[in-house]
Amino acid sequence: MDIRSELHKAQLFQNLELLANQIVEGFISGIHKSPFHGFSAEFAEHKIYNPGESTKHIDWKLYAKTDRLYTKRYEDETNLRCHMILDNSSSMYYPKVSSFGIGNLNKIGFGVLAIASLMQMLKRQRDAVGLSIYSDSYNFHANEKSSERHFQMLYSKLNGVVESEHASQSTKTFTYLHQIAEKIHRRSLIFLFTDMFQTETEEAKLFEALRHLKYNKHAVVLFHLMDFQHELKFDFDNAPKRFVDVETGTHIDLYAENIKDAYQQKVVQFQEDLKLKCAQYKIKYVPADVRSNFSQILNTFMVERQKFV
């Protein structure tokens, strides 16, 4: 184990909430000149201050950024219930990351930071968030709540996932998705973060489990996490390499160039089949490159939230 890498990883995520907030602020300001201009329909946290209103709730920090007066708006009730599901199996720890940082994340790091960023978006709306984590077992479940204490507990749990890499673990995604579906009783927007790798690949069982998630009028978004450079394009130098299945430990030695075309055809076909099946079951399918930024994740959230509420 590289101790320096592990320390850097822990330092990067030691304030996951702050990091996620920076990503969200960057996303918002990147779309609009003013951080909240045009977002009144999506963000209930702020509204324009009208002369004569109480100045008690004016956001002076936002005024310093925008030179406009906004007041904080407080919702009495939760508008949305959202449940995050994270695949924590060994394949999610690919690729190996020596210098852990934004723009240099493995699949589990990307998934954790994406969930944390979505939580920031939901927190601004005073929406309720739940979390489930699975690998070779159903590791963790928390029902949807909107309290500050609950959010802090979820951030702590997510931070612990990144800091502790598991030994080789297989997973049966469909088994745990059924169990998770049984626990989500009230209509929710469900986000699943997974690389879709599993030891047993019974496609029918997997999609039956995804259909189960849609029970009770839930809306489901599947974020298919991949390292596009290596897992999709199979972009390796043409030198002999050993490819190891991190979940089963089996390996094969070969020249990447010799199988690149056949590999790409298989992966593209798998992705197309997955996309078509999701469309059939009215599940939103979003392929996500762990080497990219989080705009795609947050844009998807904005669209799906507007459709769901």
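**Exercise 1. Helix 10**

Task: find which residues of helix 10 are buried, and compare the reach of the helix with the expected span.

Solution.
- Step 1. Buried means under 20% relative accessible area, exposed over 50%, partly exposed in between (1.4 Å probe, protein chains only).
- Step 2. In helix 10 the buried residues are I297, L298, T300, F301, M302, E304, R305 and F308.
- Step 3. Helices (H or I, at least four residues) and strands (E, at least two) are DSSP runs, numbered from the N terminus.
- Step 4. Helix 10 covers residues 295–308, 14 residues in all.
- Step 5. The expected span of a helix is 1.5 Å times one less than its number of residues.
- Step 6. First C-alpha to last, helix 10 reaches 20 Å, close to the 20 Å expected at 1.5 Å a residue.

Ground rules for every exercise: this is a predicted model, where local features need pLDDT of at least 70, side-chain atom pairs count only at pLDDT 80 or more, and totals for chains, interfaces and linings use all residues. Residues are numbered from 1 along each chain as its sequence is written, and side-chain values use heavy atoms, with hydrogens and water left out.

**Exercise 2. The whole protein**

Task: state how many helices and strands the protein has, and what share of its residues is buried.

Solution.
- Step 1. The protein has 10 helices and 10 strands.
- Step 2. Of its 309 residues, 48% are buried.
- Step 3. Contact means heavy atoms within 4.5 Å. Take the contacts between residues at least 6 apart in sequence: 75% of them join residues at least 24 apart.
- Step 4. The exposed area is about 15,800 Å², and carbon and sulfur atoms supply 50% of it. Such areas come from the Shrake-Rupley method with a 1.4 Å probe; for residues, only the protein chains shown count as cover.

**Exercise 3. Helix 4 against helix 5**

Task: give the packing angle of helix 4 and helix 5, then list the residues that meet.

Solution.
- Step 1. Axes are lines fitted to C-alpha atoms, for helices over the stretch in contact, and angles run from 0 to 180 degrees between N-to-C directions.
- Step 2. Helix 4 and helix 5 (residues 148–163) pack at about 170 degrees, with axes 9 Å apart.
- Step 3. Helix 4 is therefore roughly antiparallel to helix 5. The classes: under 35 degrees is roughly parallel, over 145 roughly antiparallel, 65 to 115 roughly perpendicular, and the rest oblique.
- Step 4. Helix 4 brings I108, V112, I115, A116, M119, Q120 and K123. Helix 5 brings E148, F151, Q152, L154, Y155, L158, V161 and V162.
- Step 5. By class, the contact has 11 nonpolar, two polar and two charged residues. Ala, Val, Leu, Ile, Met, Phe, Trp, Tyr, Cys and Pro count as nonpolar, Asp, Glu, Lys and Arg as charged, and the others, Gly among them, as polar.

**Exercise 4. Backbone outliers**

Task: locate the cis peptide bond and the residues K217 and K282 with positive phi.

Solution.
- Step 1. Most residues other than glycine have a negative phi, and most peptide bonds are trans.
- Step 2. The bond from Y94 to P95 is cis, with omega near -5 degrees. P95 sits in the loop between strand 3 (81–87) and helix 4 (107–124).
- Step 3. K217 has phi near 65 degrees. Its loop joins helix 7 (203–213) and strand 7 (219–226). K217 is exposed, at 67% relative accessibility.
- Step 4. K282 has phi near 60 degrees. Its loop runs between helix 9 (256–280) and strand 10 (284–289). K282 is exposed, at 69% relative accessibility.

**Exercise 5. Three residues in context**

Task: is M84 buried or exposed, and what do M84, R186 and I259 touch?

Solution.
- Step 1. M84 belongs to strand 3. M84 is buried, with a relative accessible area of 0%.
- Step 2. Leaving aside neighbours within four places in sequence, M84 contacts I115, L118, L122, V129, G130, L131, S132, F191 and F193.
- Step 3. R186 lies in the loop between helix 6 and strand 6 and is exposed at 55%. Not counting residues up to four places away in sequence, R186 touches R81, N216 and H218.
- Step 4. I259 is in helix 9 and is partly exposed at 31%. With residues up to four places away in sequence not counted, I259 touches F234 and L254.
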